[in-house]
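Let's walk through this structure together, chain by chain and then across the contact between them. Have the viewer open as you read.

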Amino acid sequence: MSNKALEVTNLSAGYGENDVLQGIDLTIPPKSITALIGANGAGKTTFLKTVTGLLPGRTGSIKLFGEELTSKKPYKIAEAGFALSPEGKQLFPEMTVEENLIVGAHNVRARSARNQTLEEVYSLFSILKEKRNDPAASLSGGQQQMVAVGRALMAKPKVLALDEPSLGLAPIMVDRLFESIARIRELDLAILIIEQNVFQVLEMADYGYVLENGEVTISGTGSELLANDHLKRAYLGL
Amino acid sequence: MDPTLALHVVKNGLLIGGIYGGVALGLSLIFGVMRIINFAHGSMLMVAMYLAWGLWAGLGLHPYIGAIITVPALFGLGYLVQACIISHLFRREKAFVVEPLSALLLTAGVFLVMDNLVLMIFGPDVRAVSIDLAYANFFLGDIPINIPRFIAFVSAIGVAGVLSWWLKTSDMGRAIRATAQNRDAATMVGINVPLVYNITFGLGTAILGLFGALLVPFFSVTPTLGLAFGIKSFVVVVLGGIGSIWGCVVGGIVLGLFEAFASQFVTATSAQIFSFGLFVVILLVRPSGLLGKA
């Protein structure tokens with residue numbers, strides 16, 4: 001067992017002739033929250049797409065607790081223990097809330113523990129238990145985001161990635177969501193979170209990486225980043 | 001119209017309509033999940049019927065027993081056509097939906113190859129399975145009901161029921177529905193999407209394997225029978241609402257009843273003109289089909 005939950009070295013990837021990611025190095029320790037920060041177009045979502053296997057990497061390697069994920073098929077990567085709650089939720093709109101969650105536990109490892117994980121997700125987001133039989137499309141934006149996070153948790157991930165979970169949510173829902181994420185950390189997994197709410201996420205995060213033009217430019221602990229002058233000017237508007 | 005005659009017409013329409021619905025189920029499933037119109041759908045039914053006929057003529061197997069072979073054989077055929085031919089489209093086009101035209105052209109190619117291969121091997125002769133059951137009837141009141149047609153009708157409803165139940169409750173069924181609703185999200189939750197496509201296509205054609213065996217006792221086989229069934233299946237799927245399993249059965253019955261009534265007034269061939277007219281009218285009123293979502 002490696003002491004690195006996720007270890008990305010020299011990863012580059014892109015679309016067409018352009019490399020969006022230009023040699024990313026990033027490490028996530030187990031049982032931690034790591035924030036990935038960057039402006040629009042910096043390559044955050046491309047990075048996640050590459051790790052999930054939706055986009056093939058061009059150079060470099062991705063390891064999950066020492067297990068090589070590079071150039072594996074997406075479903076193999078999910079089975080290995082990497083789960084993503086994608087930007088824009090991407091639910092199955094005509095399926096019920098519960099069906100969305102159950103589909104999340106599709107991989108072999110998660111399937112046997114499905115009912116137990118379902119109860120865990122319901123205790124984390126009690127509103128979802130109330131709405132379990134409603135079609136996912138009928139829920140509010142905040143509730144849909146909970147389904148997306150819950151669905152990723154259903155895969156029994158070792159590393160959970162959350163892509164812009166607060167996007168488009170009312171401030172009170174953002175607060176609640178962050179509370180839930182703080183509780184997810186107790187579940188003994190490593191969380192990688194991409195956020196526009198830089199201040200809020202860095203306060204919670206153990207580590208942070210700043211991505212600019214496809215490269216990691218700054219990294220450090222959450223409090224170090226909060227104190228960083230460049231970051232303050234560029235992202236916090238201070 | 002004389003009431004007794006009307007009852008007979010309704011019976012004929014219901015029976016053939018249910019069968020239309022059953023034959024179209026696979027087309028609807030494949031279109032619902034993959035957004036591909038399988039132009040070779042009818043030809044695959046034709047292949048299934050030849051297979052059922054061959055098993056009867058060569059080995060003396062009753063077509064209903066032959067179904068034990070035709071169903072898995074047609075599953076394999078569909079699985080292979082998807083895995084070896086159509087899957088390249090999905091790999092080439094990273095887009096969410098495959099260009100419908102390229103898939104249509106590709107499956108039209110499969111249709112041409114299959115029809116002509118069968119023509120090459122068996123020639124243009126009409127083949128028929130002759131078993132006693134073909135002429136067996138039971139009576140519902142005064143109305144004789146042809147047993148093999150009735151079995152095919154009941155099977156259509158049974159297959160529709162089992163299929164929708166399976167899609168709702170099984171892990172693979174849920175994975176198929178998830179893939180239909182959001183292919184990228186399905187990939188992200190760890191569903192092996194190419195495998196789901198292969199299985200979906202295989203299932204859609206496996207149903208044809210069953211109906212091939214159920215049809216041969218009362219329907220003779222020629223290499224060109226596929227196109228007519230394919231077009232009717234397409235009409236049925238669009239009538240009922242694309243991707244809707246029960247819509248497919250309803251669409252089939254509507255088409256069957258209409259054809260049965262129309263053929264009382266004009267010849268059976270001209271009746272088909274009217275059924276396509278009905279198709280246009282229904283789509284003008286309900287563009288999403290009878291049971292489709294608006």
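What radius of gyration would a compact globule of 294 residues have, and what does chain B have? A compact globule with 294 residues would have a radius of gyration near 19 Å, and chain B, at 19 Å, agrees with that. Please keep in mind that this is a predicted model.

**The two chains in numbers**

Here are the two chains side by side.

| Chain | Residues buried | Span along principal axes | Contacts 24 or more positions apart (of those with a separation of 6 or more) |
|---|---|---|---|
| Chain A | 47% of 238 residues | roughly 45 × 40 × 35 Å | 66% |
| Chain B | 52% of 294 residues | about 60 × 50 × 35 Å | 79% |

The secondary structure of chain A comes to 11 helices and 10 strands. With a radius of gyration of 17 Å, close to the 18 Å from the globule rule for 238 residues, chain A is as compact as a globular protein of that length. Chain B, for its part, has 11 helices and 2 strands. Along the sequence of chain B the pattern reads α-α-α-α-β-β-α-α-α-α-α-α-α, with the two strands coming after four helices.

**A helix pair in chain B**

How do helix H1 (residues 3-34) and helix H8 (residues 193-215) of chain B pack, and at what angle? Their axes lie 8 Å apart, and the angle between the two helices is about 170°. H1(B) and H8(B) are therefore roughly antiparallel to each other, as angles over 145 degrees count as such.

From H1(B), the residues that meet H8(B) include Gly22(B), Leu25(B), Gly26(B), Leu29(B), Ile30(B) and Val33(B). On the H8(B) side, Tyr197(B), Phe201(B), Gly204(B), Ile207(B), Leu208(B) and Phe211(B) are among the residues taking part. Sorted by class, this contact has 13 nonpolar residues, 5 polar residues and no charged ones.

**An antiparallel sheet in chain A**

Now to chain A, where four strands form an open sheet in the order S2-S1-S4-S5, with antiparallel pairing. Strand S2 (18-28) and S5 of chain A are at the edges, and each has a single partner strand, so one side of each is left without a neighbour in the sheet.

Inside this sheet, strand S1 (residues 6-15) and strand S4 (residues 59-64) of chain A run antiparallel and are joined by 5 bridges. One place to look is Thr9(A), whose bridge partner in S4(A) is Ser61(A).

S4(A) also pairs with strand S5 (residues 67-68) of chain A, again in the antiparallel sense, over 2 bridges. Here Leu64(A) stands opposite Glu67(A), and Lys63(A) stands opposite Glu68(A). S4(A) and S5(A) form a hairpin with 2 residues between the strands, and in this hairpin Phe65(A) takes a positive phi near 45°.

Which helix lies across S1, S2 and S4 of chain A? That is helix H1 (residues 44-52) of chain A, which runs at about 75° to S2(A).

**A buried strand in chain A**

Is strand S8 (residues 190-194) of chain A enclosed or open? Of its 5 residues, 5 are buried, so S8(A) is largely enclosed by the rest of the structure. Both of its faces are covered: Ala190(A), Leu192(A) and Ile194(A) are buried on one side, and Ile191(A) and Ile193(A) on the other.

S8(A) has parallel pairings as well. Strand S3 (residues 33-38) of chain A runs parallel to S8(A), with 4 bridges joining them, and Leu36(A) stands opposite Ile194(A). Strand S7 (residues 159-163) of chain A is also parallel to S8(A), joined by 5 bridges, and there Val159(A) stands opposite Ala190(A). In general, strands of a sheet pair through backbone hydrogen bonds, either parallel or antiparallel.

**Where the chains meet**

How many residues does each chain bring to the contact? Chain A gives 22 residues and chain B gives 14 residues. On the side of chain A that touches chain B, the elements giving two or more residues are helix H2 (74-80) and helix H3 (97-104) of chain A. By class, the residues on that side of chain A divide into 13 nonpolar, 5 polar and 4 charged.

Key
Residues numbered from 1 in each chain as written. Chains lettered and ligands numbered in written order. Predicted model: local features only at pLDDT ≥ 70, side-chain atom pairs only at ≥ 80, totals over all residues. Contact = placed C-beta atoms within 7 Å. Nonpolar A, V, L, I, M, F, W, Y, C, P; charged D, E, K, R; others polar. Rg over C-alpha atoms; globule rule 2.2 N^0.38 Å. Buried ≥ 20, exposed ≤ 12 C-beta atoms within 10 Å, placed from the backbone. Axes fitted to C-alpha atoms, helices over the stretch in contact; angles between N-to-C directions. Parallel < 35°, antiparallel > 145°, perpendicular 65-115°, else oblique. Pairing = 2+ DSSP bridges.
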